[in-house]
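Open your viewer, get a cartoon on screen and keep the selection box handy. We will go stop by stop, with something to select at each one.

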Amino acid sequence: MAHAAYESPRLPSEFNSRPNGSIADHLHGIAIPGLAVLLILMTGCFSEAPPLPESQQPVRSEHQAFFEDITDKSGLTAVHRAVPAEDFPMPQIMGSGAAMLDADGDGLLDLLLVAGEPQPVSEGAATARCPLYLQDKEGSFRDHTENSGLIISDFGMGVAAGDIDNDGDTDVCITTAAGARMFQNDGAAVFQDITATAGIGTSRWCTAAVFFDYDRDGWLDLLIVNYVDYFPGSVCQDGTGRRDYCGPLAFSGTVDRLYRNSGGSGQLNVFRDVTLETGLGEGAGKGLGAICSDMNGDGRTDIYVANDMEPNRLWIQQPDGLFRDEADIRGCSTDFQGRPQASMGTAWNDFDRDGMPDIFLTHLRGETNTLYRQIMSGVFVDNTAAAGLGAASLNFTGFGVAASDVDLDGNDDLLIANGRVMRAPFLTPDPSASHWDEYAERNQLFLNIGSGQFEEVTSLREPFLLNSEVSRGLATGDIDNDGDVDVLISNTSAKARLFQNVADRKGNWIRVQAIDPDLKRDAIGARIIVISDQHRWVKEIQPCIGYLSCHDPRLHFGLGETPEIQRILVHWPTIPADIEEFVKPGINGDIVLRRGTGKRISSADSSEPKKAGH
């Protein structure tokens, strides 16, 4: 989120020590420029780029509507709180996340919005209640906020949802600009704040949070991504000299934290900080997004952190349990010119359906969003321009992102929530505009037309693109259980929006839930391979991904014209690897896969290439 700086920009010290090429570069005989710093030094304060001239705007194309805005009729009335202030507090401009989760265990998705600024009260500290809306059987949402117990006392940032105690219900971690809070679910969507005893106490500015089982012992661990070492009252200006929000270059980075769940040691709900002993303490950054997955195909869970205006980090877990940053040599630390970007939202998806998941990152206006295509085990190349995702993103600042097959044609599309981080200095100010109007942008929808090639939807009739707001968090899930994916958007200092999928269907679908009965929960980290006579699709259960948000843990597969599924393979997140096969599961409905009920097979019998993502 590079923009106005409190002090002169400085290149991170590690920038100058990076080698000039990645493994991927040498494989293709491409010499990527090592230091593209002239632009950085000349711009001085990293102002956002002016709008593209009309001749460079995307060509408007006409499509049927993909979404309907059902916010008002659904019963969702939550409004994010961020009151403009003379000192331009930086957490305001970063916004807050959202989640789709089953909070009360009735099988229906509920909606959770992370609160913004705490509300001043007459006595005691200011607090904010995170809006929680429970869905009823008729598809409407009931405001459960006052009874949920989800109360924070600092500006709210992100949310992670997962069952930390393996009791069958969904617990919640909420990050704020001054630390993280852990909430335990009683099973009826009433949460108890157990932060004091959970062992995750921190006063850092926390952003993304991810529940995942890094050591594969059956208990969900917690990654908390930390942002900058922020101090309020910093004075920053935009390109015209007006007071504006500070950017990351004004502050130093901080170390992300990894907490191991001690449930396997008999200490329920207790987390132990293992940051230093696992090697993650060796690199500070300015993190906003994360992916926790086996990213090089060795059977161990790795950690990818998207940093703001610093090289991204890919922490590869070694056989001894230590993590080592290998992002640079694996081609996913900077753009193809060797420049660090303002990385915010993350997606981990096999866009070109070659069996290997790819990385997608949202970025600042004036940069492009970036697609890192995985070309071999744990090796990536910047494929943004070739995929059609470059020029279309230059005029937007992307935050929330999700990869989902919107029209069920068998290819996963991209939904992006946009909103500026500073005023556009070259636009003529509108005297009637509010404070937040100057930061508003419309959202974007990119259709995957096959082989990882994208076409932007720019129809003025599309409700998902209709409103210009300061959008941040984006969560997806099938709220009405009709076989397609719906979208929840959080907007800074505005009401949240709920979009129902109404796209013309181009094919069949299945929705897969993978459960480990022994753990009484969704198998977070399980890799699902759906196989037909002609096609295969690979996805992972990774709900805590995007920007500060959490998605439906059920995996949605659009199948296109595929009439029948032959089998589904499940790589359960266990040590040693446990692979099961489920045959002839049927289509156009829910499939619940329970560990221990399929046919156990070896890797040699799984008929899949030995690549990353498998």
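Two strands pair if DSSP finds at least two bridges between them, and strands here are DSSP runs (E, at least two residues), numbered from the N terminus like the helices (H or I, at least four). You are looking at a predicted model, in which local features need pLDDT of at least 70, side-chain atom pairs count only at pLDDT 80 or more, and totals for chains, interfaces and linings use all residues. Residues are numbered from 1 along each chain as its sequence is written, and side-chain values use heavy atoms, leaving out hydrogens and water.

**Stop 1: a hairpin and its neighbour**

Select 171-176 and 179-185. These are β9 and β10, which run antiparallel and are joined by five bridges. Two residues separate them in a hairpin. Look across from Cys173 and you will find Met182 of β10 opposite.

Now add 156-162, strand β8, which pairs with β9 in the antiparallel sense over five bridges. Here Gly162 has Asp171 of β9 as its bridge partner.

How many residues of β9 are buried? Six of six are (buried means under 20% relative accessible area, exposed over 50%, partly exposed in between; 1.4 Å probe, protein chains only). Show the side chains: Asp171, Cys173 and Thr175 point one way, while Val172, Ile174 and Thr176 point the other way.

**Stop 2: the core**

Keep Met182 selected and add Leu222, Ile528 and Ile568. These four have the most contacts inside the largest nonpolar core, which has 72 residues. Such a core is a set of buried Ala, Val, Leu, Ile, Met, Phe, Trp, Tyr and Cys residues joined through side-chain atoms within 4.5 Å. Strand β12 gives the largest share of this core, six residues.

Centre on Ile568 and show its contacts (heavy atoms within 4.5 Å). Leaving aside residues up to four places away in sequence, Ile568 touches Ile510, Val512, Ile528, Phe582 and Leu593, among others. A second, separate core has 29 residues, including Phe88, Met94, Trp436 and Leu548.

**Stop 3: aromatic rings**

The whole structure holds 15 aromatic pairs. Rings of Phe, Tyr and Trp (its six-membered ring) pair if their centres lie within 6.5 Å; planes under 30 degrees apart count as stacked, over 60 as edge-to-face and the rest as tilted.

Select Tyr214 and Phe323: with centres 6.1 Å apart and planes at 50°, the pair is tilted. Tyr214 sits in the loop between β12 and β13, Phe323 in strand β21, 109 residues apart. Both are buried.

Next, pick Phe231 and Phe251. Why is this pair edge-to-face? Their planes stand at 85°, with the centres 4.9 Å apart, so the pair is edge-to-face. Phe231 counts as partly exposed at 39% relative accessibility, whereas Phe251 counts as buried at 5%. Add Trp205, Tyr227 and Tyr230 to see the aromatic cluster that they form with Phe231 and Phe251.

**Stop 4: charges over rings**

A charge sits over a ring if NZ of Lys or CZ of Arg is within 6 Å of the ring centre and within 35 degrees of the ring normal. Select Arg472 and Phe399, where the charged end of Arg472 sits over the ring, 3.8 Å from its centre. Then try Lys539, which lies over the face of Phe557 at 5.5 Å from the ring centre.

**Stop 5: an open sheet**

Finish with four antiparallel strands in the order β2-β3-β5-β6. At the edges stand β2 (98-101) and β6 (141-143), each with a single partner strand. Inside the sheet, zoom in on Leu111, which stands opposite Tyr133 in β5.
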